[in-house]
Amino acid sequence: MKELFINSANFGAVLTIATFLLGRIIHKKTKFFLFSPLLVSITLCILTLLIVKIPYEKYLTGASWIGFFLTPSTVCLAVPLYEQFEKLKQNWYAILGGIICGVISNLLFIFLMSLFFKIGHTEYVSLLPKSLTTAIALALTDEFHGFVPVTVMMVIITGNIGNLFAPQLCRLFRIKDPVAKGVAIGTSSHALGTAKAIEMGDIEGAMSGLSIAVTGLLTVVFAPFFASLI
């Protein structure tokens with residue numbers, strides 16, 4: 001049975017899709033935010049690979065093509081933005097200001113925490129792109145000669161935190177305006193957070209999708225300066 005799994009070209013894709021669908025069923029039944037379909041899928045995939053002792057490389061052979069949909073799915077976020085274009089024109093100065101503050105705050109926080117915990121330069125520059133969508137984050141890490149696995153891990157963790165806790169954090173900090181919610185989520189937790197923003201509302205989803213792109217551009221501009229500080 002194990003050999004069948006290992007030799008199947010589609011095993012990784014089937015496992016990923018099946019566990020995600022199971023996660024949706026569990027989340028729909030329980031309504032518990034920690035049973036997010038994404039988190040359930042990740043957990044079940046890891047447990048399956050560990051229990052059956054299937055090498056990650058074999059899993060990736062079938063699952064890698066799912067990653068090809070990441071870029072077009074991110075581009076599709078322009079659709080809700082187009083539908084909310086009037087809202088964007090009315091609040092462009094606040095949106096841009098919020099994204100700039102979010103990007104600088106994120107980079108400054110990473111810098112201060114790296115100083116506090118005495119993190120080396122290579123690890124430090126690997127953390128700088130943690131709030132970016134994967135494609136931009138990996139390109140930036142390569143440019144800074146950082147550790148790609150560290151960046152990938154932090155991008156996943158950051159996105160999942162935004163996906164799981166965005167509504168609770170908005171309530172905690174009394175963020176009620178849908179534009180502000182979308183900008184905060186997209187700036188801090190890229191596409192995974194935006195998936196939750198879309199669930200929260202059309203305006204939240206549109207503003208979060210916009211924030212992903214602008215955050216990527218601004219981080220590329222500001223990150224080299226912060227990378228030179230350690």
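**Close-up 1. Lysine 31 sits in the loop between α2 and α3.** This view, like the others here, comes from a predicted model. Start with the backbone: lysine 31 has a positive phi of about 60°, even though it isn't a glycine. Most residues other than glycine have a negative phi. Is lysine 31 buried or exposed? With a relative accessible area of 65%, lysine 31 is exposed.

**Close-up 2. Histidine 190 also has a positive phi, and this one is in a helix.** The helix in question is α12. Here phi is about 40°, and again the residue is not a glycine. Histidine 190 has a relative accessible area of just 3%, so it counts as buried, the cut-off being under 20%.

**Close-up 3. The largest pocket holds about 1900 Å³ of space.** A total of 48 residues line it, and the ones closest to its centre are Thr16, Leu38, Ile42, Ile156 and Leu192. Which elements give two or more residues to this lining? They are α2 (11-30), α3 (37-52), α4 (56-63), α5 (70-75), α11 (148-172) and α12 (178-200). Of these, α11 gives the most, with ten residues. Sorted by class, the lining has 32 nonpolar residues, 14 polar ones and two charged ones.

**Close-up 4. The second largest pocket holds about 600 Å³ of space.** How many residues line this one? There are 25, and Leu169, Ala184, Thr187, Ser188 and Ser189 are the closest to the pocket's centre. At least two lining residues come from each of α8 (92-116), α11 and α12. Once more α11 gives the most, this time with nine residues. The class tally for this lining is 14 nonpolar, ten polar and one charged.

**Close-up 5. Leucine 164 is tucked into helix α11 as a buried residue.** Its relative accessible area is 8%, which means it falls under the 20% cut-off for buried. What does leucine 164 touch, once residues up to four places away in sequence are set aside? The list is Phe33, Leu34, Ser36 and Leu39. For a sense of distance, pick out glutamine 84 as well: leucine 164 and glutamine 84 are 80 residues apart in sequence, and their C-alpha atoms are 25 Å apart in space.

**Close-up 6. The largest nonpolar core brings together 29 residues.** Look for Ile95, Ile99, Tyr124, Leu128, Phe144 and Met207, which have the most contacts inside this core. Two or more core residues come from each of α8, α9 (121-127), α10 (134-144), α11, α12 and α13 (202-227). Which element gives the most? That is α13, with nine residues. Elsewhere, apart from this core, lies another one of seven residues, including Phe11, Leu15, Leu49 and Tyr59.

**Close-up 7. Here is tyrosine 124 with its contacts from further along the sequence.** Neighbours within four places in sequence are left out of this list. What remains is Ile110, Phe111, Ser114, Ile119, Phe226, Ala227 and Ile230. Tyrosine 124 is also one of the residues with the most contacts inside the largest nonpolar core.

**Close-up 8. Phenylalanine 225 and phenylalanine 226 form an edge-to-face pair.** The whole structure has six aromatic pairs. Why does this one count as edge-to-face? The two ring planes are at 80°, over the 60 degrees needed, so the pair earns that label. The ring centres are 5.5 Å apart. As for exposure, phenylalanine 225 is exposed, with a relative accessible area of 53%, whereas phenylalanine 226 is buried at 9%. Phenylalanine 226 is also in contact with tyrosine 124, the residue from the previous view.

**Close-up 9. Phenylalanine 117 is found in the loop between α8 and α9.** Buried or exposed? Phenylalanine 117 has 55% relative accessibility, so it counts as exposed, the cut-off being over 50%. Alanine 206 makes a handy second landmark for this view: phenylalanine 117 and alanine 206 are 89 residues apart in sequence, with 37 Å from C-alpha to C-alpha.

Terms used:
Residues are numbered from 1 along each chain as its sequence is written. This is a predicted model: local features need pLDDT of at least 70, side-chain atom pairs count only at pLDDT 80 or more; totals for chains, interfaces and linings use all residues. Side-chain values use heavy atoms; hydrogens and water are left out. On a 1 Å grid over the protein atoms alone, a cavity is a set of points where a 1.4 Å probe fits but cannot get out, and a pocket is an open set with protein on both sides within 12 Å along at least five of seven lines; lining residues have an atom within 4 Å of a point. Grid points are joined across faces, edges and corners, and a volume is the space filled by probe spheres set on the points. Helices (H or I, at least four residues) and strands (E, at least two) are DSSP runs, numbered from the N terminus. Ala, Val, Leu, Ile, Met, Phe, Trp, Tyr, Cys and Pro count as nonpolar, Asp, Glu, Lys and Arg as charged, and the others, Gly among them, as polar. Rings of Phe, Tyr and Trp (its six-membered ring) pair if their centres lie within 6.5 Å; planes under 30 degrees apart count as stacked, over 60 as edge-to-face and the rest as tilted. Buried means under 20% relative accessible area, exposed over 50%, partly exposed in between (1.4 Å probe, protein chains only). A nonpolar core is a set of buried Ala, Val, Leu, Ile, Met, Phe, Trp, Tyr and Cys residues joined through side-chain atoms within 4.5 Å. Contact means heavy atoms within 4.5 Å.
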